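Open your viewer, keep the selection box handy, and let's walk through this model together, one stop at a time.

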Amino acid sequence: MTRIAAVHGVLPAHRYGQRELTGAVAALRPGGDGPARALAERFATGAGVEFRHLAFPLERYPELEGFGRANDAWLTAAAELAARAATGALRGAELPPERVDFVVSTTVTGIAAPSLEARLAAPLGLREDVRRLPLFGLGCAGGAAGIAALADLLAGRPDGVALLLATELCSLTWQRSDGSAANLLATALFGDGAGALVAVGDAVGCPGPEVVATRSRLYPGTERLLGWEVGDSGFRILLGAELPELVRLFVGEEVSSFLAAHDLKPGDVTAWVCHPGGPRVLDALQEELGLPAAALAPSRASLARCGNLSSASVLHILRDVLAADPPPPPGSYGLVLALGPGFASELVLLRW
């Protein structure tokens, strides 16, 4: 059985309030004081976000125009954040980096070949024969899917150790010339951050919740709901307004079915680690699953504190759940839930 030994989340040093950030991003757009400004401010007010952290100071962003410059900046900042997250997670697990057998890295905000974990292997002290699995395109579902990938890699390896890196610099994908509602909402919602998780086999002897089961699900006909259109200026977001309704139609039933396969109901889950896709998505999940407000409080708190960190968000929330006082009691269950491009859901059932 795979066990989660440690989780660590990190944020860049440059922290901004939502109002300040909304004004600064508007100033970058051509005609920033036009009708798009009012819509952007409305989105910012309703996003449930109070602060966000950026990879660079605000004054640096005017010079990061174009895909090449933004991606070069991503490489520099992402490597630093991912290294901090990995070092913190390994320290929390009390394991040296040379014990890592597998490393999975996920991102959707930058492109690198060699991939990020390959660039970090030597600086982190990973072995030369570490097995690597870089993931791109899972978006906000990448953190949950990454945990599932670690469980698969460690199956039958009771002495194995695996590391997950989730690194997202969403600020470097903002499209300043795009006045669409999707882009304006994205600039009000997403922030920058990274997370790392260490998972181990039973023989390693680390405490932590077990990964009981995982499930991935694609919902046909929804491919254009969520994702990127890639052009000369970089990643242009696709973000369908119907996402909360699809959560109501599909995801609530999917979660209930997944839990029922293990003789559980939503009320049997003690710890909910739900990706904070936005207030309307969280509201839909809460209503469809019949959850009390406290169940999604960690997700809403993370959204307010640092925004939507794409794949890294569930690792930040899981870290907070693990550090709670009191922690989830022995024998209790937790569910990691995230949604991403596909449109798809990723579920991970945990037991303490």
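**Stop 1: the second largest pocket.** By class, seven nonpolar, eight polar and three charged residues line the second largest pocket of this predicted model. To find the spot, select Leu64, Glu65, Trp174, Gln175 and Arg176, which lie nearest the centre of this pocket among its 18 lining residues. The space here comes to about 250 Å³. Now colour helix 1 (18–28) and helix 6: each of these two helices supplies at least two residues of the lining.

**Stop 2: helix 6.** Keep helix 6 selected, at residues 181–189. Is helix 6 largely enclosed or not? Seven of its nine residues are buried, so the rest of the structure largely encloses helix 6. The buried ones to highlight are Ala182, Asn183, Leu184, Ala186, Thr187, Ala188 and Leu189.

**Stop 3: Ser180.** Next, select Ser180, in the loop between strand 6 and helix 6. Is Ser180 buried or partly exposed? Its relative accessible area is 21%, and buried would mean under 20%, so Ser180 counts as partly exposed. Try a distance label here too: Ser180 and Val212 are 32 residues apart along the chain, and their C-alpha atoms are separated by 42 Å.

**Stop 4: the largest pocket.** Which residues lie nearest the centre of the largest pocket? Select Leu185, Leu189, Phe190, Leu239 and Gly277, and you are there; in total, 43 residues line this pocket. Its volume is about 780 Å³. You have already met one contributor, because helix 6 also appears in this lining, where each listed element supplies at least two residues. In fact, helix 6 gives the most to the lining, with seven residues. Other elements to colour include helix 2 (35–46), helix 7 (243–260), helix 8 (279–289) and strand 12 (333–340). By class, 26 of the lining residues are nonpolar, 14 are polar and three are charged.

**Stop 5: a hairpin.** Strand 9 (226–231) and strand 10 (234–239) also supply residues to the lining of the largest pocket, and they make a good pair to show as a cartoon. A hairpin of two residues links strand 9 to strand 10. The two strands pair in the antiparallel sense, over six bridges. For one example, click on Glu229 and then on Arg236 in strand 10, its bridge partner.

**Stop 6: the largest nonpolar core.** Where do the most contacts fall inside the largest nonpolar core? Select Phe56, Leu95, Leu163, Leu169, Leu172, Val198 and Val200, which have the most contacts within this set of 44 residues. Strand 1 (3–10), helix 1, helix 3 (67–93), helix 4 (116–124), strand 6 (161–169) and strand 7 (192–200) each provide at least two residues of the core. Helix 3 gives the most, with 11 residues.

**Stop 7: two annotated domains.** Finish with two ranges from UniProt, both from an unreviewed entry. Select residues 74–199, which UniProt annotates as "domain: Chalcone/stilbene synthase N-terminal". Over this range the chain is 40% helix and 23% strand, with its end C-alpha atoms 27 Å apart. Then select residues 212–351, listed by UniProt as "domain: Chalcone/stilbene synthase C-terminal". Here the chain is 35% helix and 29% strand, and the end C-alpha atoms are 7 Å apart.

Technical notes. Residues are numbered from 1 along each chain as its sequence is written. This is a predicted model: local features need pLDDT of at least 70, side-chain atom pairs count only at pLDDT 80 or more; totals for chains, interfaces and linings use all residues. Side-chain values use heavy atoms; hydrogens and water are left out. On a 1 Å grid over the protein atoms alone, a cavity is a set of points where a 1.4 Å probe fits but cannot get out, and a pocket is an open set with protein on both sides within 12 Å along at least five of seven lines; lining residues have an atom within 4 Å of a point. Grid points are joined across faces, edges and corners, and a volume is the space filled by probe spheres set on the points. Helices (H or I, at least four residues) and strands (E, at least two) are DSSP runs, numbered from the N terminus. Ala, Val, Leu, Ile, Met, Phe, Trp, Tyr, Cys and Pro count as nonpolar, Asp, Glu, Lys and Arg as charged, and the others, Gly among them, as polar. UniProt positions are given in the numbering used here, feature names are shortened, and annotations may be inferred rather than shown by experiment. Two strands pair if DSSP finds at least two bridges between them. A nonpolar core is a set of buried Ala, Val, Leu, Ile, Met, Phe, Trp, Tyr and Cys residues joined through side-chain atoms within 4.5 Å. Buried means under 20% relative accessible area, exposed over 50%, partly exposed in between (1.4 Å probe, protein chains only).
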